Amino acid sequence: MARAVELAARGAGTTSPNPVVGAVVLAADGTVAGEGWHERAGGPHAEVGALAAAGERARGGTAYVTLEPCNHHGRTGPCAQALLRAGVARVVYAVADPGAVEGGGADTLRAAGVDVLAGVLAEEAERVNEAWLTSARRHRPHVLWKVAATLDGRAAAADGTSRWISSATSREQVHDLRRRVDAIVAGSGTVLADDPHLTARDRDGALSPRQPLRVVLDRRGRVPAGARVLDDAAPTHVSRAATPAALLAELRERGVVSVLLEGGPTLAGAFLAAGLVDRVVAYVAPVLLGAGPAALSGTGITTIADAVRLDVDEVSLVGGDVRVSGRPRR
Ligand code: AOF
Ligand code: ZN
């Protein structure tokens, strides 16, 4: 299953609106007979790739899959049936498919006499597929809030200058984050203050082949026609949605599964206050200012008992910055 999770990760950034899924098929003697992963929506499911590679060796064998095999006729046939046709004796999967139509593959397999085991390495498989699972369970896009701040929690100096607080390596990593999401969201305040481009670029500034949708929340129509975010480097959606929830509903309508929330402090505060931040990635730079705007505001929190606390699952050093990633506790 650990290998299946590794295979699933190969699809990161290319499968939307579909999940990332990995599969390994063992022959009856326990040797690896085939591997597969899902590469893009509309393409073959992970199980189908692994079964094709295994051929006749799948008969009497075991399939390890990171997501419960599907039960539906969608763009491709149901994997539960493909596993039965291949004569697999045992299916081990990590996470149940929350889909009303897609789910239920485990029951189909059990009813046909296959030995089914669920929940193996569920935590790892949840993590690799976090965006899609959140979207499928909550019926709204997954929201990752990325923030860069000084050690004393500021996003800029008192005169508004902010280039640069975080390291060059941290800023490159942000482009990796952008490449993996369907949409980047910023508020009109950030667009007016920084005139960001909100595109995914490589080291020498060239645009990545796949660009996320740029989204600007501009309730009062303040964004000027010449803003860089409105150029033709990538599609842009200017929204007048009244709340973060309404904005996410609009984005879901457009097929968005994952959102990177980038700016600024007030918009992030509104998302947090609404319980609509699923993961925080903070680049904390070893830099002190002592004055200047906070990296987060407008949460409405006034007392320590109401603080948003994170369950941190990753801490690393990135070009001298401390990168902290975690999920707000609900
Ligand atoms: C995938 N890849 O490897 C597996 C999936 O759009 P369709 O017809 O390809 O069906 C997508 C659904 O199938 C998906 O939302 C999930 O419920 C299930 N399993 N999907 O894209 C895969 N195993
Ligand atoms: Zn399938």
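Which residues coordinate the zinc ion (ligand 2), and at what range in Å? The points below start there and then move through the model.

1. **The zinc site.** This is a predicted model. In it, His45 holds the zinc ion (ligand 2) through ND1, while Cys70 and Cys79 each use SG. The coordination lies at 1.9 to 2.3 Å. Along the sequence, these donor residues follow the spacing H-x24-C-x8-C. Both cysteines, Cys70 and Cys79, are buried.

2. **The second largest pocket.** This pocket holds about 730 Å³ of space. Its lining counts 33 residues, and the closest to the centre are Ala12, Arg127, Val128, Ala131 and Arg180. Several elements give two or more residues each to the lining. On the helical side these are helix 5 (122-128), helix 6 and helix 7 (168-180). The strands are strand 6 (142-150), strand 10 (258-263), strand 11 (279-285) and strand 13 (321-328).

3. **Who contributes what.** Helix 7 provides the largest share of that lining, with four residues. Sorted by class, the lining of the second largest pocket has 14 nonpolar, 10 polar and nine charged residues. Two domains take part: domain 1 (2-133) and domain 2 (141-328) each give at least three residues to the lining.

4. **Helix 6.** One of the elements lining the second largest pocket is helix 6. It spans residues 130-138. Its buried residues are Glu130, Trp132, Leu133, Thr134 and Ser135. After helix 6 comes His139. The phi of His139 is positive, near 55°.

5. **The cavity.** How many cavities of 30 Å³ or more does a search of the whole structure find? There is one. The largest cavity holds about 30 Å³ of space. Its lining is made of Val20, Thr66, Leu67, Val95, Ala125, Val128, Asn129 and Leu133. Strand 3 (62-67) supplies at least two of these residues, and so does helix 5. By class, six lining residues are nonpolar, two are polar and none is charged.

6. **Residues that recur.** Val128 lines the largest cavity, and Val128 is also among the residues closest to the centre of the second largest pocket. Leu133 is another residue of the cavity lining. Leu133 is also one of the buried residues of helix 6.

7. **Strand 10 and its neighbours.** Is strand 10 mostly covered or mostly open? It is mostly covered, with six of its six residues buried. Strand 6 pairs with strand 10 in the parallel sense, over four bridges. Strand 7 (residues 183-187) also runs parallel to strand 10, again joined by four bridges. Leu261 of strand 10 takes part in both pairings. Its bridge partner on one side is Trp145. Val185 likewise has Leu261 as bridge partner. As a rule, side chains in a regular strand alternate between the two faces of the sheet.

8. **Ala4.** Near the start of the numbering, Ala4 sits in helix 1 (residues 2-9). Why does Ala4 count as buried? Its relative accessibility is 0%, and the cut-off for buried is under 20%. Ala4 and Leu67 are 63 residues apart along the chain, and their C-alpha atoms are separated by 9.9 Å. Leu67 is one of the residues that line the largest cavity.

Conventions
Residues numbered from 1 in each chain as written. Chains lettered and ligands numbered in written order. Predicted model: local features only at pLDDT ≥ 70, side-chain atom pairs only at ≥ 80, totals over all residues. Heavy atoms only, no water. Buried < 20%, exposed > 50% of the residue type's maximum accessible area, 1.4 Å probe, protein only. 1 Å grid on protein atoms, 1.4 Å probe; cavity = no way out; pocket = protein on both sides within 12 Å on 5 of 7 lines; lining within 4 Å. Points joined across faces, edges and corners; volume = space filled by probe spheres on them. Nonpolar A, V, L, I, M, F, W, Y, C, P; charged D, E, K, R; others polar. Domains from an automatic or database assignment. Donors = N, O, S within 2.8 Å, 3.2 Å for Na, K, Ca; no water. Pairing = 2+ DSSP bridges.
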